[in-house]
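Q: Please take a close look at one part of this structure, the stretch around the loop that leads into one of its later strands. I would like a connected account of what surrounds that stretch and how the rest of the chain is arranged around it.

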Amino acid sequence: MNGFPLDIVLALIGIAVPILAFIWEFVLVGRKRLGYRVQMDTPVTGEIESVFPGVLPQLRPDGGGTAPDLQDLSLVLVRIENNGITDVDSTDYAVPDSEPVGLHIRFPHRRVIGMAVTELSDDALGDSLKPGTGIGSREDALNRSGIIDLPKVPMDRGDHYKILAILQRTAGAGAYPDPVVRAKLKGGRVSETRSRVGASPKLVALIGFLVAVIAVQFAFTLNDGSTSSNAEDCVAGKLTLVGSTAFEPAVRDAADAYAKHCSGAQFAFEFDSSDRGLSRLDEEGKNNPGLLAITDGPKGVGYPTLLPRTLTLSLYTIIVNPGVGVHDLTAQQIRDVYAGHVGNWQQVGGPDLPVRVVNRALGSGTRETFRARVLGNDQPPAPAATGCRTLEATNPPGASFCEAPVTNDMVKIIAELPGSIGYSEYSDATKTPGIQTVSIDGHPAGRDQALDHTYPFWSVEYAYSNGELPADSLAAAFLRFLTTGTGKDVLRAHGNTPCGELPNPTTCTP
């Protein structure tokens with residue numbers, strides 16, 4: 001977001017708000033705190049005087065007088081508690097020192113006809129609630145409210161006591177208005193507390209705020225990652241990729257992955273062979289950073305201005321039609337097959353089936369890798385090739401040869417042509433049904449086997465540009481993505497090993 005560190009700001013807000021809430025709640029306004037809770041407020045029905053004779057006179061503060069009329073009576077139990085984080089002393093009540101009363105419980109539309117102190121959390125609290133300490137009841141006739149006065153009781157943290165009152169209605173009908181406690185604390189407050197059933201609204205609000213901060217930060221991270229997970233490499237523009245058909249699937253998937261986090265990048269794919277890709281780059285790539293060639297192996301002579309970048313170590317494999325029934329061939333047997341010296345699969349341990357040799361067309365990087373790594377320079381020229389469909393239709397006896405222009409054609413022909421043998425990029429072979437891979441001299445295709453020189457059929461994939469690429473070009477950014485960014489994961493998923501991940505990266509040369 002134009003360099004503004006929104007993610008850091010959100011993180012600081014997420015930390016600061018809970019800290020400030022704690023300071024406000026428990027230090028500034030809640031350090032000293034008295035709470036009250038109405039635990040019972042219920043009408044009285046039945047013949048109380050006949051069941052409990054003398055109860056009402058005993059509950060009256062003065063203990064005398066005539067028993068009150070037992071109409072519209074109610075019982076109320078109020079809990080007073082210290083729910084702050086410090087003790088409350090008698091001097092903490094915000095009333096004059098000469099005033100003994102610290103709290104008032106008001107009962108609108110009712111008057112007090114009896115009261116008692118119950119359930120002291122500490123017996124020492126009783127000394128502050130004896131007659132003569134300020135405890136008593138009275139009536140506010142003007143506001144039609146009964147009042148219980150309570151002294152300035154010192155309360156340690158967690159202390160509580162309860163007041164039981166018998167009340168009589170003086171006004172109104174139906175449900176009674178809720179009792180209210182009136183008091184002030186120096187540097188604190190008095191507030192109603194409720195039974196701990198479910199989360200408090202403040203806690204829910206705080207959790208909701210934190211969830212919102214996290215959600216916004218996560219959304220920002222996703223958005224930021226989609227446009228600038230490697231911000232310096234998110235370059236818009238158009239890039240045309242040409243060259244190896246064997247490496248085309250991996251490059252296509254890598255380009256798709258790049259475009260997902262950099263929507264301004266556009267890719268075009270025109271793969272037909274490594275040699276043709278190099279030729280096109282040589283002819284059209286001068287002063288054109290929008291063209292890259294991908295090849296199986298290094299360029300040949302004649303391309304002095306084309307500059308290489310190594311990408312991956314790639315494995316190749318011999319493939320056969322499943323009807324051949326051969327799972328392993330020696331390097332010499334493969335050379336003999338491609339020289340036309342093996343006319344029937346019985347000669348190398350297979351069934352009575354004529355051999356159909358499929359080669360890639362001239363200019364193919366895969367064909368050049370096969371020649372250099374498996375056949376060798378002293379391999380005699382292969383017999384003349386005919387069309388693969390002609391071989392399938394005519395089924396001539398003995399060894400016959402045909403060519404496949406691209407990798408997809410190669411694997412398709414091997415799957416459909418009885419007695420056929422060919423070669424392809426290893427990951428393409430393992431993903432294609434209807435073909436069988438063949439190990440060489442008892443060694444299957446594998447990175448470790450290639451590095452210790454027990455498996456010969458491998459090469460290095462190269463990317464070529466015509467001259468140096470501008471650092472801010474899409475081509476340069478895409479190459480960085482392939483070699484040092486998450487594009488390596490895409491290449492690895494296609495069975496390739498990025499050159500930078502080899503135990504000795506200098507091994508990543510043919």
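A: The account below starts with the chain, moves to the loop, and then turns to the cores and the helices.

The model is predicted. The chain contains 14 helices and 20 strands, and 43% of its 510 residues are buried. Of the contacts in the chain with a separation of 6 or more, 81% are between residues 24 or more positions apart.

The loop in question runs between helix H12 (447-451) and S19, and His453 lies in it. His453 has a positive phi of about 65 degrees, although it is not a glycine. Most residues other than glycine have a negative phi. With a relative accessible area of 66%, His453 is exposed, since the cut-off for that class is over 50%. A positive phi also occurs at Arg144, where the value is near 50 degrees; this residue is found in the loop between strand S5 (136-140) and strand S6 (145-151).

Pro456 is found in the loop between H12 and S19 as well. Its relative accessible area is 22%, so Pro456 is partly exposed. Leaving aside neighbours within four places in sequence, Pro456 is in contact with Arg373 and Ile440. Pro456 and Ala372 are 84 residues apart in sequence, yet their C-alpha atoms are 9.6 Å apart in space.

Phe457 has a longer list of partners. Again leaving aside neighbours within four places in sequence, Phe457 is in contact with Leu315, Tyr316, Thr317, Ile318, Thr369, Phe370, Arg373, Val374, Tyr423 and Ile440. Arg373 and Ile440 thus touch both Pro456 and Phe457. Phe457 belongs to the largest nonpolar core, which has 40 residues; Phe457 is among those with the most contacts inside it, together with Ile318, Tyr338, Phe370 and Ile421. Apart from this core lies another, of 28 residues, among them Leu241, Ala475, Leu479 and Leu491.

Strand S19 (458-466) is one of the elements against which the buried residues of H6 pack. The others are strand S10 (237-243), strand S12 (291-296), strand S13 (306-320) and helix H8 (365-375). In helix H6 (residues 274-284), the buried residues are Ser274, Gly277, Leu278 and Leu281. They lie on the same side of H6, because they cover an arc of only 100 degrees around the axis. Arg276 and Glu283, on the other side of H6, are exposed.

Further along the chain, helix H13 (residues 474-483) packs with helix H5 (residues 248-261) at an angle of about 110 degrees, their axes being 11 Å apart. H5 is therefore roughly perpendicular to H13. On the H5 side the contact is made by Val251, Ala254, Ala255, Ala257, Tyr258 and His261, and on the H13 side by Leu474, Ala477, Phe478, Phe481 and Leu482. Of the residues in this contact of H5 with H13, ten are nonpolar, one is polar and none is charged.

Thr497 lies in strand S20 (residues 497-498) and is buried, with a relative accessible area of 12%. Not counting residues up to four places away in sequence, Thr497 touches Thr312, Leu313, Arg447 and Leu502.

Key: Residues are numbered from 1 along each chain as its sequence is written. This is a predicted model: local features need pLDDT of at least 70, side-chain atom pairs count only at pLDDT 80 or more; totals for chains, interfaces and linings use all residues. Side-chain values use heavy atoms; hydrogens and water are left out. Axes are lines fitted to C-alpha atoms, for helices over the stretch in contact, and angles run from 0 to 180 degrees between N-to-C directions. Helices (H or I, at least four residues) and strands (E, at least two) are DSSP runs, numbered from the N terminus. Angles under 35 degrees count as roughly parallel, over 145 as roughly antiparallel, 65 to 115 as roughly perpendicular and the rest as oblique. Contact means heavy atoms within 4.5 Å. Ala, Val, Leu, Ile, Met, Phe, Trp, Tyr, Cys and Pro count as nonpolar, Asp, Glu, Lys and Arg as charged, and the others, Gly among them, as polar. Buried means under 20% relative accessible area, exposed over 50%, partly exposed in between (1.4 Å probe, protein chains only). The arc is that of the directions from the helix axis to the C-beta atoms. A nonpolar core is a set of buried Ala, Val, Leu, Ile, Met, Phe, Trp, Tyr and Cys residues joined through side-chain atoms within 4.5 Å.
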